[in-house]
Amino acid sequence: MVSREDIQRLIHRPDTGRPILSAFLDMSVDATNKRHYTTFLSKERARFSELDSERATHEFTDIGAAFDRVAGWIDDGFDEANKGVAIYTEIGGDWLEAIQLPVPIQNRLEIAAHPVIGPLVEVVECNHSYAVFVVDREHFRMLSVVCGQVLADQRIETEPDEPRRHAVQAGGEAAKSYQKYKAEETRQFFKDFAAAAAEFCRRHRPDHLVLLGTDDNVKGFLPFLPIELQERVVHTAAAPVEAGAAAIVDRLAGFFAQHQEQREARAVEVLTDRVRHNYFATAGVQQTLELLQEGKVETLIVARDLHRAGAQCQRCGFFLARTDRECPYCGGELRNGVDVVEAMIRIAEEQEVAVGFADPAALAAVKGAGALLKF
Ligand SMILES: [Zn+2]
């Protein structure tokens with residue numbers, strides 16, 4: 001699975017001056033258990049061969065070698081349990097990096113100066129990660145879950161004191177003090193669980209938390225979590241600690257899907273409402289791209305599968321969503337046919353601005369892209 005760290009690493013990969021082939025492949029199987037990426041790869045290979053027949057022979061050979069490396073990696077390195085993969089390799093170099101995905105991704109192949117990251121950002125933003133905590137008075141279970149997959153499963157067992165016969169039989173004051181003692185013991189366990197939870201979140205960086213257990217245990221445990229973790233709890237429900245990780249995640253499948261839909265709907269609602277009232281928001285690719293480059297964007301929202309070609313100034317690097325004779329800022333020469341949706345996503349990731357994706361129909365009112373602004 002891909003993480004935000006993977007995306008940052010790809011963005012900040014040192015430029016070697018060699019072009020990068022980025023291949024996104026749908027590796028899901030059809031009804032007859034077959035994968036179809038080979039057809040797509042051969043078509044793309046033919047397209048680039050034609051394109052390059054007029055170029056120097058060595059470049060042509062380098063592109064062929066890059067396609068061979070991609071095919072070779074799939075043969076040796078692809079884990080059949082996955083449904084998608086992003087493969088990056090240098091043209092004329094030997095660097096290759098592959099990121100496998102538990103979700104299908106649309107077939108796409110690009111050769112550009114940088115690794116293309118848009119499709120990976122979409123996977124990360126549309127499949128948020130969750131830490132699922134299951135708590136009772138004596139046990140604590142921690143799962144890291146993305147796309148219904150359990151990436152980590154950790155369990156804490158405590159050793160509670162067994163009731164001492166004399167204390168129970170003595171009744172009255174002795175029983176009361178035993179209850180008090182057990183309550184104090186639970187407090188201590190919850191404190192330890194909360195510390196483990198904080199450490200687990202530092203390591204796995206979940207976007208949201210889910211807390212499972214009986215109503216009493218959930219209510220009792222919650223205040224022990226640090227405030228910043230309490231605020232990230234998006235769902236609580238009953239679940240036995242003994243349940244298998246797969247069973248716990250299966251039961252949450254409905255919630256995960258609903259949560260994703262709600263987040264998307266809410267983002268679209270906030271954006272369209274702010275655009276309507278002209279309140280710290282902008283709409284349309286051109287305006288959004290411009291304000292992003294001015295560092296004014298707080299949250300970028302893009303329609304899934306949006307494609308838009310624009311231009312980039314060869315002198316100052318500025319992107320435009322339209323074609324023009326020269327750069328409106330510095331008069332420099334423009335290169336046309338640049339993927340400005342990728343540019344928007346890349347700029348947002350570079351600035352660590354939040355990126356959201358939504359249904360194209362839902363974003364029609366803002367012409368496919370918009371942003372909430374900082375100022
Ligand atoms: Zn310029």
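How many Å separate the centres of domain 2 and domain 3, taken over C-alpha atoms? In this predicted model, the separation of those two centres is 43 Å. The domain assignment divides the protein chain into domain 1 (1-127), domain 2 (130-243) and domain 3 (261-375). The points below take up three helix pairs, which link helix 1 to helix 4, helix 4 to helix 11 and helix 10 to helix 11, and then turn to the salt bridges.

**Helix 1 and helix 4**

- Helix 1 (residues 4-11) packs on helix 4 at an angle of about 160°, and the axes of the two helices are 10 Å apart.
- Because angles over 145 degrees count as roughly antiparallel, helix 1 is described as roughly antiparallel to helix 4, and the crossing in which helix 1 passes helix 4 is left-handed.
- On the side of helix 1 the contact involves R4, I7 and L10, which meet L120, V121, V124 and E125 of helix 4.
- Sorted by class, this contact of helix 1 with helix 4 comprises 5 nonpolar and 2 charged residues, with no polar residue taking part.

**Helix 4 and helix 11**

- Helix 4 (residues 118-126) and helix 11 (residues 340-350) have axes that come within 9 Å and cross at roughly 60°, so that helix 4 lies oblique to helix 11.
- The crossing of helix 4 past helix 11 is left-handed.
- Helix 4 contributes G118, P119, V121 and E125 to the contact, while helix 11 contributes E342, I345 and E349.
- By class, the contact of helix 4 with helix 11 is made up of 3 nonpolar, 1 polar and 3 charged residues.
- V121 and E125 of helix 4 take part in the contact with helix 11, and V121 and E125 are also among the helix 4 residues that meet helix 1.

**Helix 10 and helix 11**

- The axes of helix 10 (residues 285-293) and helix 11 come within 10 Å and cross at roughly 30°, which means that helix 10 is roughly parallel to helix 11.
- Helix 10, too, passes helix 11 in a left-handed crossing.
- The residues that meet are V285, T288, L289, L292 and Q293 in helix 10 and V340, M344, I347 and A348 in helix 11.
- The contact of helix 10 with helix 11 contains 7 nonpolar and 2 polar residues and no charged ones, whereas charged residues number 3 in the contact of helix 4 with helix 11.

**Salt bridges**

- Side chains of opposite charge can pair when their charged atoms come close.
- The structure holds 24 salt bridges, one of which joins E184 to R187, with the closest N and O atoms 3.7 Å apart.
- Both partners, E184 and R187, belong to helix 6 (residues 172-204), where they are 3 residues apart, about one turn of the helix.

Note on methods: Residues are numbered from 1 along each chain as its sequence is written. This is a predicted model: local features need pLDDT of at least 70, side-chain atom pairs count only at pLDDT 80 or more; totals for chains, interfaces and linings use all residues. Side-chain values use heavy atoms; hydrogens and water are left out. Domain bounds come from an automatic or database domain assignment. Axes are lines fitted to C-alpha atoms, for helices over the stretch in contact, and angles run from 0 to 180 degrees between N-to-C directions. Angles under 35 degrees count as roughly parallel, over 145 as roughly antiparallel, 65 to 115 as roughly perpendicular and the rest as oblique. A crossing is left-handed if the near helix is turned anticlockwise from the far one by less than a right angle, and right-handed if clockwise. Contact means heavy atoms within 4.5 Å. Ala, Val, Leu, Ile, Met, Phe, Trp, Tyr, Cys and Pro count as nonpolar, Asp, Glu, Lys and Arg as charged, and the others, Gly among them, as polar. A salt bridge is a side-chain nitrogen of Lys or Arg within 4 Å of a carboxyl oxygen of Asp or Glu.
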